[in-house]
Every structure is written in structure tokens, then in C-alpha cells.
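Colleague: Hi! Have you got a few minutes to walk me through this one before I head back to the bench?

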Amino acid sequence: VMDDCTPLAAVTLGQEDGVFVSNVVLYDLTKPGEAEPVADYDVANGLVAAIGEQEGKLVTVSDTRLTLADSKGEITGTYSYDGAYLREYDISGAGYTALLLNRYQSGSVGRLVTVSADGEELGSLDVRDEVLSMSACGRYLAVLYYGSLVVYNENLEVYASLKGTENARGTLMRQDGSVLLLSSESAELFLP
């Protein structure tokens, strides 16, 4: 359900010429009892992993591309992974989506990318270290590598960093710029 509580977006799966096709169907919640969708759009050649909202647009993350559409089902932007493999993502940034794309199906050689709500690349960073977790919130993106935590802004410029995080296995970025480091036994707060 989008933030203004009017449209509801649902994903249906199909197949076309031996390739997965995801269809996003929009329903108008202001018309109770209305069973027919008011709009729909296809995410071609992709299997949808998540759907959310940024700046009034639907953000659809699939295994091959990021697709952005308005509440009327019109596609307003796309961002193709160009053959890279989607490893992780977070659609919780303020006006951006964070993607971790790998060159290979396994391993840690990849690229960290932030994409605006218009489908434009805001920042890109080559990654050679193992990424254990990433979390976006507001203007910041926390990336937990083995042994260190780096907090980036939406353009992937370093805002803060912390060494000695070998026990942490997860991270949670908070709106105020602080980060929770999560381990199997505790949670620690990092204040940049």
C-alpha cells in the first residue's frame, strides 16, 4: 500500500517465451468492493524480489533491473544491472535504492550502487571485501564489511567508519545517522 493509502500494488508472476515476467497490478483502495485493477505494468525478464515506495513512485527490485513507476502504472525509469547478479538491496533510503551487484554468482567482487527515484545512478563503488550486511535509512547507507563498518551518503561518499567489528553480523541504519551493530549476543550503537 502506498503512503497516501489509495493504491495497492500486487505482484503476479508469469512467463513469456521461456522467460519470467512479473506484472505489477494496482488497485484503487478508495473504491471499496472494486475488484478490477485500475492499472498494471510489466517488469520484463525479471523475478520481483521486493516492491516499495520512494517519493511517490513504486520501486520494484527484480533479479535483473530496478523499475520505477507512478501510481497510474506508467514506468518512469529503469536501472539495468547489465548482466551483474543482485546480491543485496535496500529500498529504505530517502529517495534512493541501494544495490549490491556482483560480477559473479559467488564471491565478493562487485559494485555498490545507489539509484535515485528517477532511475539515475547517484553513486557507484567497486567492492572487493565481503559485505555481511547493508542498511539504508534517510540520507545514509551503512555497509558492514568483515572487520569494519562504513557509513556512506546517498552518493557513496564516506560519512563515517569504524574498525574492529569482527563480531558483528548485521547492521541497522537509523534516521538520525547512528547505526546499530548486531551480533548473536548483543547490539551496540555506533554514533558517528
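Colleague: Let me start with Leu 13: is it buried or exposed?

Modeller: Leu 13 is exposed, because its relative accessible area is 57%, and exposed begins over 50%. Do keep in mind that this is a predicted model.

Colleague: Okay, and where is Leu 13 found?

Modeller: Leu 13 belongs to strand β1, which covers residues 7-16.

Colleague: Which residues form a nonpolar patch with Leu 13 on the surface?

Modeller: The other members are Val 11, Phe 20, Leu 47 and Ile 51. Together with Leu 13 they have about 420 Å² of accessible area.

Colleague: Let's zoom out. How many helices and strands are there in the chain?

Modeller: The chain has 18 strands and zero helices.

Colleague: And what radius of gyration does the chain have, next to a compact globule?

Modeller: The chain comes out at 18 Å. For 192 residues, a compact globule would be near 16 Å, so the two agree. Along the principal axes, the C-alpha atoms fill a box of roughly 55 × 35 × 30 Å.

Colleague: How much of the chain is buried?

Modeller: Buried residues account for 45% of the 192. As for the outside, the chain exposes about 9900 Å², with carbon and sulfur atoms supplying 46% of that area.

Colleague: What about contacts between residues far apart in sequence?

Modeller: If you take contacts between residues at least 6 apart in sequence, 35% of them join residues at least 24 apart.

Colleague: Switching to charges: how many salt bridges does the structure hold?

Modeller: It holds four. One of them joins Lys 57 to Asp 118, with the closest N and O atoms 2.7 Å apart. That pair links distant parts of the chain, 61 residues apart: Lys 57 is in strand β5 (residues 57-62), while Asp 118 is in the loop between β10 and β11.

Colleague: Lys 57 and Asp 118: buried or exposed, or in between?

Modeller: They fall into separate classes. Lys 57 is buried because its relative accessible area is 18%, and the cut-off for buried is under 20%. Asp 118 has 45%, so it is partly exposed.

Colleague: Which residue forms a salt bridge with Arg 87?

Modeller: That would be Glu 130, and the closest N and O atoms are 2.4 Å apart. Arg 87 lies in strand β8 and Glu 130 in the loop between β11 and β12, so the pair ties together parts 43 residues apart in sequence. Arg 87 is partly exposed at 31% relative accessibility, and Glu 130 is partly exposed at 35%.

Colleague: And what does Glu 121 form a salt bridge with?

Modeller: With Arg 111, where the closest N and O atoms are 3.4 Å apart. Here the pair ties strand β11 to strand β10, as Glu 121 lies in β11 and Arg 111 in β10, ten residues apart in sequence.

Colleague: You mentioned β8. Which strand is joined to β8?

Modeller: Strand β9 (residues 96-102) runs antiparallel to β8 (residues 85-90), and five bridges join them. Tyr 89 stands opposite Leu 99 in β9. The two strands form a hairpin with five residues between them, and Gly 95 in the turn has a positive phi of about 85°.

Colleague: What is Ser 116 in contact with, leaving aside its neighbours within four places in sequence?

Modeller: That same Gly 95 is one of its contacts, alongside Leu 68, Tyr 96 and Leu 122. Ser 116 sits in strand β10 (residues 110-116), and its relative accessibility of 10% means that it counts as buried.

Colleague: Last topic: how do the side chains alternate along β17?

Modeller: Val 179 and Leu 181 point to one face and are buried, whereas Leu 180 and Leu 182 point to the other and are not. In a regular strand, side chains alternate between the two faces of the sheet.

Colleague: And which strands pair with β17?

Modeller: β16 (residues 170-173) pairs with β17 in the antiparallel sense over four bridges, and Gly 170 has Leu 182 as its bridge partner. β17 also pairs antiparallel with β18 (residues 187-190), over four bridges, with Leu 180 partnered by Leu 189. Both pairings are hairpins: β16 and β17 have five residues between them, and β17 and β18 have four.

Notes: Residues numbered from 1 in each chain as written. Predicted model: local features only at pLDDT ≥ 70, side-chain atom pairs only at ≥ 80, totals over all residues. Heavy atoms only, no water. Pairing = 2+ DSSP bridges. Patch = residues over 30% accessible without salt bridge, like charges linked within 9 Å, V, L, I, M, F, W, Y side chains within 5 Å. Areas by Shrake-Rupley, 256 points an atom, 1.4 Å probe, with all protein chains shown as cover. Salt bridge = Lys/Arg side-chain N within 4 Å of Asp/Glu carboxyl O. Buried < 20%, exposed > 50% of the residue type's maximum accessible area, 1.4 Å probe, protein only. Contact = heavy atoms within 4.5 Å. Rg over C-alpha atoms; globule rule 2.2 N^0.38 Å.
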